[in-house]
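This report describes two regions of one protein chain, a strand with its partners and a pair of annotated residues. Please keep the sequence and the structure in view while reading.

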Amino acid sequence: MIVGIPKEIKEDEYRVSMIPSGVSALVGRGHRVLVEKGAGLGCLISDEEYVAAGAELLDSPEAVYSLSEMIVKVKEPQVQEYDLLREGQILYAYLHLAPMPELTAALLRNKVTCIAYETIALDDGTLPLLVPMSQVAGRMAVQVGAHFLEKTQGGRGVLLGGVPGVRRGRVAIIGAGAVGRAALQMAVGIGADVYILDIDSSRLEHLDSVYGNRITTLMSNQENVSQSVRNSHLVIGSVLITGALAPHVVTRDMVRTMKPRTVIVDVAIDQGGCIETSRPTTHKHPTYMVDDVIHYCVPNMPGIVARTSTFALTNNTLPYALKLADLGFDRAISLDKPLSRGVNCYKGYVTYENVARSLNYEYIPLQELGIPIYDLPSDRHTQTRK
Ligand SMILES: NC(=O)C1=CN([C@@H]2O[C@H](COP(=O)(O)OP(=O)(O)OC[C@H]3O[C@@H](n4cnc5c(N)ncnc54)[C@H](O)[C@@H]3O)[C@@H](O)[C@H]2O)C=CC1
Ligand SMILES: CC(=O)C(=O)O
């Protein structure tokens, strides 16, 4: 197979989708890898390292897209890239389609075969290609939250760890998945007073057994969420319904009750945000204010810690890329159930139920499009937002 690695063009996105050892693994199995010049520079990987690994360097994204059978990317295609993708070409990347109707329409129009990293799911619901970046973003959420609480950043002037004789800052983490747990680890580490909420009691039980009385676990319901939000200096949004537009677990009315100049970090913004007042921002302009509360809602947080993130991401994406290249799309998808759950669009149809529901498309299972698979994608939760 011919595999293309374009340079990422989303604003302040410095990751690359494949490192040289990935290139040599593919080339060693008889595949060709086309890398756009400069694709790795954002994370300090030179063109020479790719060439030494067996890649062919190309000057332009147009050349990479037009010659490749599979495009491996980090972030969803940007507007300039929509029409570089063509019918039957495999796109293997983070896509987060539910909050992106225009991107979805372009991918369907061009009949691109879309495999979304974030919906590849093991049988127990673990999202192996989301976890590494969630671990990065969860850790960053506390770091950026603490930063924007500083007075010079417009914040309330609260030190999350407190000092002897003064109360600690309070952090509420809504969603105890991979992001929530990574944020919890950091928030406990800096000595904050941490509340963590989820609708999955087994997750709360596990955290309680690990952290004991150093944290407070709470069932996520309207009363507990509103009380936690009202009393916190930093609220971290980390709710996910796989593939779907995130539910607004924190409402605008709850945000109004927060103390002036406290901070919200809505990590779930890539799925539309789990806080009603959230909208996407960028690393250059990461925050805005609603009701005197600072909102940080950057959808590619790991993009600026690109070296750590690139290695963490590609550790997990490479095995599926190898499988797709070795077996081709049809066989790889038929034989690998977790990978089959990653297919969001195929032959112009939406093949992931929560994406279809969020965007008002008809959901067509892959089996109906001629791809035999063991069974239908399974979602752990069904609550979605239109
Ligand atoms: N902004 C960024 O740069 C990044 C964003 N993310 C995003 O962060 C979000 C969370 O990702 P993960 O933690 O990996 O997902 P996850 O699936 O591991 O965890 C999500 C958690 O949300 C919980 N949940 C569902 N409904 C809830 C509700 N009503 N109240 C409280 N909890 C609820 C689930 O039970 C689950 O424990 C996703 O949207 C993901 O794409 C991940 C990495 C980077
Ligand atoms: C998860 C995701 O979209 C990111 O790491 O940018």
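Which residues of β7 lie on one side and which on the other, and are they buried or exposed? In this predicted model, R170, A172 and I174 occupy one face of β7, while V171 and I173 occupy the other, and all of them are buried, so that both faces are covered. The strand, which runs over residues 170–174, is accordingly described as mostly covered, with 5 of its 5 residues buried.

The pairing of β7 with two other strands is set out below.

| Partner of β7 | Sense | Bridges | Opposed residues |
|---|---|---|---|
| β8 (residues 193–198) | parallel | 5 bridges | I173 and I196 |
| β10 (residues 234–237) | parallel | 4 bridges | A172 and V235 |

Between β7 and β8 the chain passes through helix α7 (residues 178–189), and this β-α-β crossover is right-handed.

The second region concerns an annotation: an unreviewed UniProt entry places the feature "active site" at H96 and D270. Although these positions span 175 residues in sequence, no two of their C-alpha atoms are more than 6.3 Å apart, and they therefore gather at one spot.

H96 is found in the loop between β5 (90–93) and α5 (101–109), and it counts as buried because it has 23 C-beta neighbours inside 10 Å, where 20 or more are required. Leaving aside neighbours within four places in sequence, H96 is in contact with E76, E118, D270 and Q271. D270, for its part, is found in the loop between β11 (263–266) and β12 (287–290), and D270 is buried, with 27 other C-beta atoms within 10 Å. With the neighbours within four places in sequence again left aside, D270 is in contact with H96 and P299.

Definitions and conventions. Residues are numbered from 1 along each chain as its sequence is written. Chains are lettered from A and ligands numbered from 1 in the order in which they are written. This is a predicted model: local features need pLDDT of at least 70, side-chain atom pairs count only at pLDDT 80 or more; totals for chains, interfaces and linings use all residues. UniProt positions are given in the numbering used here, feature names are shortened, and annotations may be inferred rather than shown by experiment. Helices (H or I, at least four residues) and strands (E, at least two) are DSSP runs, numbered from the N terminus. A residue is buried if 20 or more other C-beta atoms lie within 10 Å of its own, exposed if 12 or fewer, and partly exposed in between; C-beta atoms are placed from the backbone. Two residues are in contact if their C-beta atoms, placed from the backbone, lie within 7 Å. Two strands pair if DSSP finds at least two bridges between them. A crossover is right-handed if, with the strands pointing away from the viewer, the path from the first strand over the helix to the second runs clockwise.
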